[in-house]
Amino acid sequence: RGKKKNNMKTIIRKSKQLKNVQNQIKPYKVKVNTQKTYTYQNLRIQETITGQQQQQQQAPPKHIQQLFQEKTTWNYKKLFNQQKNKSKTTNDQCLDELKKVSRSFSVVISNLEEPVKTIISVYYLILRALDTIEDAQQLEETRKKHLLREFCKNPWRTSQLISITDRKQFTETENELFKAMTTFVPDTFNALDENIKQIMMETTEEMAKGMKKYLKKENVKNEEEYKEYCYYVAGTVGEGLTKLFEETGMQEAGTLKNAVEMGMVLQMVNIIRDVHEDFEKQERIFWPMNVVHKHVSGMQELIENPNGKGREALNDMIGITLDIIPETIEYLEAIQHENIYQFCALPQMMAIATLLKCMDNDRVLKRNVKISKMEMMTIMKQANNKKQLRAFYEKYMDKMMVKIKQMKGNLQKMMLMQKVIRVQQELKGKTTTQASSSSLLRNYSTKQKKKVTIVGAGPGGLSAGLILQSKGFDVDIYEKGDRVGGRNQQHMVGESSFDLGPTILVMPFTLTQVFHDAGLSAHDYMDLQLVEPMYRLWFMSEDKHMDCYSERYREKMIEELTRVFPEDVEGYKKYIEEVTEIYDKTMPLMQKTLNKHGDLISKEAIQALPYLNMPKSVHKKLGEFFKNELVKLSFSFQSVYLGMSPRECPAFFAIIPFVEHAFGVWHISGGLNQISEGMAKAFKELGGKIHLNTPVNQFILDENEKDVIGVKLDNGETIMNEINVLNADFSTAMKQMVPNAEKVLNKWKPSNLDNKHKYSTSTFMLYLDMDKEFKDLPFHNLVFAGDYEENFKAIDNGRAPEEISFYLRNSSPFDSKVNKNEDGSPNGSGLYFLVPIFNELTKEDPNYWDKPENIEKMKAYLLERSENFLGIKDIKKHIRAERIITPKNWKDDFGIHGAAVYNLSHNLLQLLSFRPRSSFEELNNLYIVGGATHPGSGIPTILESGRMASENIINKYGGEEGIASYHRVPFTSDYVKEKEDRDLYNAIEFPTTF
């Protein structure tokens, strides 16, 4: 371009101007066969002008004559070998054959320019032949594997490999395709450039690999397998197409992302749309079984009884597809060549229209559902204009939103709305503004001092009691144990003081805010200390470790990553930046009081939904930032304590490691048990009363069995109160404390607690009182099994894993209060071991913990690993005293249902308002605090549950005169940064990403 200084330089700059040249040629009888290369929007494009027109009386103008005489060589890489003459006949034959096997794709391909049209035709014929072999349901598995393997080696021998018996399994059209694969298709293929051929064969091999993998599977178990299958049979096609576009010069290399998703969307829509046809033909159906079984017993019931539950399963499938629509929009908008855009956009737009047609539509399960020809023609017109892409998607997303709002089932509506909103945000360029928090409060005033009964003196009950007492309520807390704290209590083993349960405190502002709400300062009751490094991660699989630091010491964290996992340094920076936004957008929802499902229809929820990343898992979400699996593990191991593996845990919980890194890991001098001790002290100073060793036996209900009007103590005494708060283990309380519970309760009745709800893991605990200090071992240590995936699976399946992951706290280097003599001198150390393990509801062997050999085996493993891997030499010689708590102990001695120490699992169906609600939905005058209710398990969230219950009670009843309402401050990063009470944070340099 630019070499010839004549009128042609301007004529061929753009494709539109070249078309004008063609129009000028029409009046003259001339033969034209001119190849021109022009540049338009950084693309190199070949145009060939050919024509024979009727002669006119006048001669062509000079600039037209120059055009005829001009000969320009096309210097771009050759798509066809110059030594081989590819006849036009074979091109047409390829397209004609494609029309027979796939009419829809042939229509789209026929509009492509040459030579891309021929290249894509050959590409699709090869893949269609491969797919035909895989689809042959009557072929034996071994025979099919053999054909797939041989096809990848040499597709052109397919017809020879297929025996006469095999041919009977295929239709006449399919046999004609195999015949074409030995005649004109290889001729056309062999004329292609070597790079083009290599791309086609690499795609073929990858697709065949997936097909062979799924041959032996009767169905796909879960969404991960479903997406993997769609990748192999369709995502690879999109990937190959993109490489071909780039290789032919139609697209600048590296500018098209999400090619896999482009192919997967089409496959997913086909799987949804064709479910009835596949069932009738007794073909394999690739709906994930975890989605199907969530609603019906199997595919038979889904198809034969499509109303209601079948429709819900259908909508879940549509939701999975909607997850990747934003990526396909991004792909389409990045296409540079108009002809390629039309080729890619039309199938995607048809898929969106089909998806809308299928949404909440029972007919999909009864017969094939297709869009009308009129709608199809309208879409085809829109697909020709790239400017109309956003308008098309906006229109169809609006239609979907209307449909969703008319659906039944709040959970599914919420999930689908979130997915559609994410697409809409992609269309708007992801420019959303954070909605301001709305007031949750109503003003009330009363002069009467109300009495409150709280059952259980754990952190949730104490935080609610402290706030309510400070607001003028008269609060009594009844605790069955001899000290406060529940699982947050202190206990002694030999000469060492231990926390019974949690040892790591994150988000300390949730604690200081409880005291602030009560008009007090936490620092008057406890000594909070920042821990750096936060913890050391030990990887048995690679015999190495990594120290993790908070954002206060970002440089050290980056140094550690550079030392151990250099490939993920940039990913860490991106993780902190992006998850900061997720945290800020979701925190108002996580702190919102949810007393009914309708509370989810709020601006806090709408703001948060795009950032919940449903239904992605934590593991998949972290894959957006990190490459190394061990790094993903380093930022997802916390999910085990929520009752799930990282591959199951909702992606939203990626904020848990974030809050550790962003706000730090904290300790309280003397142990985290001082949280409960400090709150209890402050509570009593305000006039509250704690009754230790006083179990509550039962709730007292009114005659209609709808209202809780008091409690009955174990000693027979009755305490009549209008306001009652439950801080005991929720499931145990529902079974033992609610009279006639099976009849009175519905969702949370005893028979449902075991059968319809999922619970968290349990723990095996080993507390060792040591006569020696271990200064070289950090305070917090997490040791990961060599095969940590198998470790997670074993726990899920109720088995004891061969290799165990565990947590170890070494008190020596940090907290002198837990190990000291009367004169204050050091006195050994306390080693606290925690092993995540199956709970009592899922274990394979019901008598596992009754066998002493199993307990000894677990203990021996921990000691051996501590000595040989962590370097604690002669550990056995220095043990002064020990205590072991098994899951059976948690269940029998501590009253924890199923020994699920982290309470109800935190899967999607047990989050937000789908957990027991703060203002309990099944009994009036009862409020729930603790790990079972929203926001969930863990010290910070349990403290927040106490604040939520306080908000509900104060805003309903009011406190003393002048106490009209209670406002809970949202813990956004800006709030933490600008918090007025800065004495806790004055040493922290908050990162600029906040």
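Begin by selecting strands E5 and E6, which pair in the antiparallel sense over 4 bridges. The model on display is a predicted one.

**The hairpin of E5 and E6**

Colour residues 490–493 as E5 and residues 496–499 as E6. The two strands form a hairpin with 2 residues between them. In the turn, select Gly494, whose phi is positive, at about 60°. To inspect the register of the pairing, display His491, which stands opposite Phe498 in E6.

Next, show the side chains of E6. In a regular strand, side chains alternate between the two faces of the sheet. Here Ser496 and Phe498 lie on one side of E6, with Ser497 and Asp499 on the other. Are these four residues buried or exposed? Each of them is buried, and both faces of E6 are thus covered.

**Glu495, in the loop**

Move now to Glu495, in the loop between E5 and E6. Its relative accessible area is 43%, so Glu495 counts as partly exposed. Which residues does Glu495 contact, leaving aside its neighbours within four places in sequence? They are Asp769, Val818, Asn819, Asn827 and Arg880. For Asp769, draw a C-alpha to C-alpha distance from Glu495: the separation is 6.5 Å in space, against 274 residues in sequence. Then display Asn827, whose side chain makes a polar contact with the side chain of Glu495 at 2.5 Å.

**Lys403, in helix H22**

Select helix H22, residues 389–405, and locate Lys403 within it. Lys403 is partly exposed because its relative accessibility is 26%, which falls between the limits of 20% and 50%. Not counting residues up to four places away in sequence, Lys403 touches Leu356, Lys357 and Met359. The C-alpha atoms of Lys403 and Leu356 are 8.6 Å apart, while the two residues are 47 apart in sequence.

Zoom in on the side chain of Lys403. One of its polar atoms lies 2.8 Å from the backbone oxygen of Leu356. The side chain of Lys403 also reaches the backbone oxygen of Met359, at 2.8 Å.

**The helix pair H6 and H7**

For the last stop, select H6 (residues 116–135) and H7 (residues 141–153). Two packed helices are described by the angle between their axes and the distance between the axes. For H6 and H7, the angle is about 165° and the axes are 9 Å apart. H6 is therefore roughly antiparallel to H7, the angle being over 145 degrees. The crossing of H6 and H7 is left-handed.

Finally, show the side chains where the helices meet. H6 contributes Ile126, Ala129, Leu130, Ile133 and Glu134; H7 contributes Lys144, Leu147, Leu148 and Phe151.

Conventions: Residues are numbered from 1 along each chain as its sequence is written. This is a predicted model: local features need pLDDT of at least 70, side-chain atom pairs count only at pLDDT 80 or more; totals for chains, interfaces and linings use all residues. Side-chain values use heavy atoms; hydrogens and water are left out. Buried means under 20% relative accessible area, exposed over 50%, partly exposed in between (1.4 Å probe, protein chains only). Contact means heavy atoms within 4.5 Å. A polar contact is a pair of N or O atoms within 3.5 Å; within protein, one must be able to donate a hydrogen and the other to accept it, and residues adjacent in sequence count only if both atoms are side-chain atoms. Two strands pair if DSSP finds at least two bridges between them. Axes are lines fitted to C-alpha atoms, for helices over the stretch in contact, and angles run from 0 to 180 degrees between N-to-C directions. Angles under 35 degrees count as roughly parallel, over 145 as roughly antiparallel, 65 to 115 as roughly perpendicular and the rest as oblique. A crossing is left-handed if the near helix is turned anticlockwise from the far one by less than a right angle, and right-handed if clockwise.
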